[in-house]
Amino acid sequence: MIITEAKAWLEKLPLKKPYTISYDTFFDTRIVMLQITLANGTIGIGSANPFEEVVGETPEQTLDLLQNEWCRRLIGVEITHFESFIDQITPSLSHNPGTLAAIDIALHDAWARLQGKPLASLLGQVMNGLPTSVTIGIKPPGEARAEALEYVEQGFNAIKIKSGLDVDTDIETVLSIREAVGNRVQLRVDANAGYDIKALLKFYAATKAATVELIEQPLPAGEEDALVNLPEPLRRILVADESLTGLEAAQQLCVSPLPFGVFNIKLMKCGGIRAARKITLLAQDHGIPIFWGCNDESRASIAAALHAAYSCTGTRYLDLDGYLDLERDVVKGGFRLEEGKMFLSEQPGLGIEKF
């Protein structure tokens, strides 16, 4: 069954509230949507929201590549050979993971829809219903504490706290939230490369009593060598994010001694489901658990990440809350959220449909 039509467009979606990380504040997000259609009318939906600061690609560049080249090149592709097609085009899109992710997700969706089965079941689903963390942006400790309590009331039992602007304020925030939510909630911290070694060690020592579960990307990408001499218990809870942009980076991060104990896989960094699954196999060989992350994304790509996550035996953590930040979305379905846990839809493909 060949692809007979492909179209791409950009959606600028407002966020429910401004969102601050260590190096920027966001008020909206730009998401590129891709829809392909097979000869029998079956569709496949993909989406992308690459983060320029991490991968060097903007949504506008993704849209341009899709509209002016790749939508045309998708016409005539045999969907049963979609994996070979992805492998063939990956080298030419090595610097455009957002473009590759949109294509990859749409192809996976159409392939699974054509077979009438959820994608995860075709990939070999091994789990369902894991909790996702929900994220608090950088804000004064009192505001962060109040937001954490709101999330706990909504049923979340894992909270990720953005940090990296001021380590003393970060320490105060974490300790305040731990005091408020008690020990029943997991706390994770994401510095977005905002620390140096001194700040990281200060934060780690000062928050030990708060039992922080994970510390994501404390140092800038390229400074991984500074982490390898840290105490092993600390390295075990460090999560590679900006440092982990694809399979080649993953291979470098698997050299012992490991600078990070956990890998954060985002489809927008690595180029989609197929690339992500290759990274998970490498991580599994080195005993590295997987943390699935996201940007502010549509349910389309969040669903894609979730299907990939639940077909990976190394999956241990979910941080797939980006769709919750959107004032509106382009699609619905794909999964449901119950008491902070994410459950896949039983519908074919990614289980999504356009509004």
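Select strand 1 and strand 2 (residues 24-38): these two pair in the antiparallel sense over 14 bridges. Pairing here requires at least two bridges found by DSSP. Strands are DSSP runs of E, at least two residues long, and helices are runs of H or I, at least four, both numbered from the N terminus. This is a predicted model, in which local features need pLDDT of at least 70 and side-chain atom pairs count only at pLDDT 80 or more, while totals for chains, interfaces and linings use all residues. Residues are numbered from 1 along each chain as its sequence is written, and side-chain values use heavy atoms, with hydrogens and water left out.

Next, pick Lys7. Opposite Lys7, in strand 2, stands Gln35.

Now show the whole sheet. It is open, with three strands in the order 1-2-3 and antiparallel pairing. Strand 1 (3-21) and strand 3 (43-48) are the edges, each pairing on one side only.

Add helix 2 (residues 59-74). Helix 2 packs on the sheet and touches strand 1, strand 2 and strand 3. Contact means heavy atoms within 4.5 Å. The direction of helix 2 makes about 165 degrees with that of strand 1. Such angles run from 0 to 180 degrees between N-to-C directions, with axes fitted to C-alpha atoms, for helices over the stretch in contact.

Move to the largest nonpolar core, which has 117 residues. A nonpolar core joins buried (under 20% relative accessible area, 1.4 Å probe, protein chains only) Ala, Val, Leu, Ile, Met, Phe, Trp, Tyr and Cys residues through side-chain atoms within 4.5 Å. Leu34, Ile103, Leu107, Phe263 and Trp292 touch the most other members. Helix 4 (residues 97-115) gives the most to this core: 10 residues.

Finish at Ile103. Beyond its neighbours within four places in sequence, Ile103 contacts residues including Leu34, Leu66 and Trp70.

Key: Buried < 20%, exposed > 50% of the residue type's maximum accessible area, 1.4 Å probe, protein only.
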